[in-house]
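Please take a moment with the sequence and the coordinates before reading on. The paragraphs below lead from some unusual backbone positions to the sheet and then to the chain as a whole.

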Amino acid sequence: MDLSLFPRIQLGHFPTPLEPMPNLTAMLGGPRLWIKRDDCTGLSSGGNKTRKLEFLMAEAVALRANVVITQGATQSNHARQTAAAATKLGMKCHILLEDRTGSTDPDYTDNGNVLLDRLHGATVEHRPGGSNMQQEMEILADRLKGEGMRPYVIAGGGSTPVGALGYANAAKELIAQASSQGLKIDHLVHATGSAGTQAGLVAGLHAMNSDIQLLGIGVRAPQEKQETMVYDLACRTAEYMRMPAGVPRETVIANCDYVGAGYGLPTPGMLEAVELLARTEGLLLDPVYSGKGMAGLIDLIRKGRFKSTDNVVFLHTGGSVALFGYGQAFGLKGVQR
């Protein structure tokens, strides 16, 4: 797998650490737990979207774009990292944020990622839940073209074949790290939403002939829809990478039992997982993606899904700044201790 054929701009700090979680392992009674720290990618407090943006922004530069447009939920980690990448490369950034939770808490609507979007100089506009966000971006792009700008539109989550290259490359990075540490990874678990991270990992692991079992924990869609989205993007990514045999359908597995009432809405499992990681390993998860992903992993461990001798890696996709929008959910807002 040679990704040097594709344009890429360095935006992050790689490789990200691969660390054991001994305290959590002991508390849960096995399997052996590890964490891949993609919260440490460096760009605007880090996160998984930085890997995707290295390829997406390279394409934007090649197309001579001077403004990027993207969209996401109110507390979008992708929007924050896109705004930072645009600033770093001297481009303007327009962000469209969709209300997917209905929260009117000022901390949720104006703090966390939203605060950082604006701090990076992005123009932020809001859209009601259920909006056709791709269409909204296209309308904005047409308007900016009429004003003489050269916009580059980035799909939500950076989830395109170009963006997914970032996680095909992450699969290669992880395999090399494990080899250097003498670690045999049995399972790789992560939160899956817009599909780009999982699709890239599926394509990358298959291209590397890896026997690591990949499991996405859904944070938004029902299982059938999530797996269909991931498989479709994994196939398009494999084609873009010129992989002759594509990817097998059975390599795409998503467990969507931990979404709860909906995207971005807290669940008891998420709250427990975030507090548990903070108080056992000193790690900050986020309440939308990695929190629900870890909630799923913890529950599956308790149900005996893994052998005690398995090495299970959890991919931390970052986004802890969103915690500042969820103080009420944790019962910590305004609390003095």
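**Backbone, sheet and overall form**

Arg64 sits in the loop between α2 and β3 (67-73), in what is a predicted model. Its phi is near 65°, a positive value in a residue other than glycine. The side of the matter that concerns solvent is equally clear, for Arg64 has a relative accessible area of 56% and is therefore exposed, the cut-off being over 50%. A second arginine can be read alongside it: Arg242, in the loop between α9 (223-240) and β9, has a positive phi of about 65° although it is not a glycine, and with 62% relative accessibility Arg242 counts as exposed. These values deserve attention because most residues other than glycine have a negative phi, and most peptide bonds are trans.

The peptide bonds offer exceptions of their own. The bond from Phe14 to Pro15 is cis, with omega near 0°, and Pro15 belongs to the segment before β1. Another cis peptide bond links Gly30 to Pro31, with omega about 0°, and Pro31 lies in the loop between α1 (22-28) and β2. Pro31 also has a partner remote in sequence, since its C-alpha atom and that of Gly304 are separated by 9.4 Å although the two residues are 273 apart along the chain. Gly304 is placed in the loop between α11 (290-302) and β10, where its relative accessible area of 52% makes it exposed.

Phe14 leads onward to helix α2, for Phe14 is among the residues touched by Thr50, together with Leu11, Gly12, Thr41, Leu43 and Gln81, when residues up to four places away in sequence are not counted. Thr50 itself is in helix α2 (residues 49-62), and is it buried or exposed? With a relative accessible area of 0%, Thr50 is buried, because that value is under 20%.

From these loops one can turn to the sheet, which is open, has six strands in the order β1-β2-β10-β7-β8-β9, and shows mixed pairing. Its edge strands are β1 and β9 (254-255), each of which pairs on one side only. Strand β1 (residues 18-20) and β2 are joined by three bridges and run antiparallel, with Leu18 standing opposite Lys36 in β2. On the way to strand β10 (residues 311-316), six bridges connect it with β2, and these two strands run parallel; here Arg37 has His316 of β10 as its bridge partner. Strand β7 (residues 187-192) is likewise parallel to β10, to which three bridges join it, and Leu188 stands opposite Val313 in β10. Five of the six residues of strand β2 (residues 32-37) are buried, so this strand is largely enclosed by the rest of the structure.

Taken as a whole, the chain contains eleven helices and ten strands, and its C-alpha atoms fill a box of roughly 60 × 55 × 35 Å along the principal axes. Its radius of gyration is 19 Å, which agrees with the value near 20 Å that a compact globule of 337 residues would have. Buried residues make up 58% of the 337 residues, and among contacts with a separation of 6 or more, 80% are between residues 24 or more positions apart. The accessible surface comes to about 13,800 Å², with 51% of it belonging to carbon and sulfur atoms, while the mean positions of the 32 positive and 32 negative charges are 3 Å apart.

Conventions
Residues numbered from 1 in each chain as written. Predicted model: local features only at pLDDT ≥ 70, side-chain atom pairs only at ≥ 80, totals over all residues. Heavy atoms only, no water. Buried < 20%, exposed > 50% of the residue type's maximum accessible area, 1.4 Å probe, protein only. Contact = heavy atoms within 4.5 Å. Helix = DSSP H or I, 4+ residues; strand = E, 2+ residues; numbered from the N terminus. Pairing = 2+ DSSP bridges. Rg over C-alpha atoms; globule rule 2.2 N^0.38 Å. Areas by Shrake-Rupley, 256 points an atom, 1.4 Å probe, with all protein chains shown as cover. Lys, Arg positive; Asp, Glu negative; His and termini not counted. Charge placed at Lys NZ, Arg CZ, Asp CG, Glu CD.
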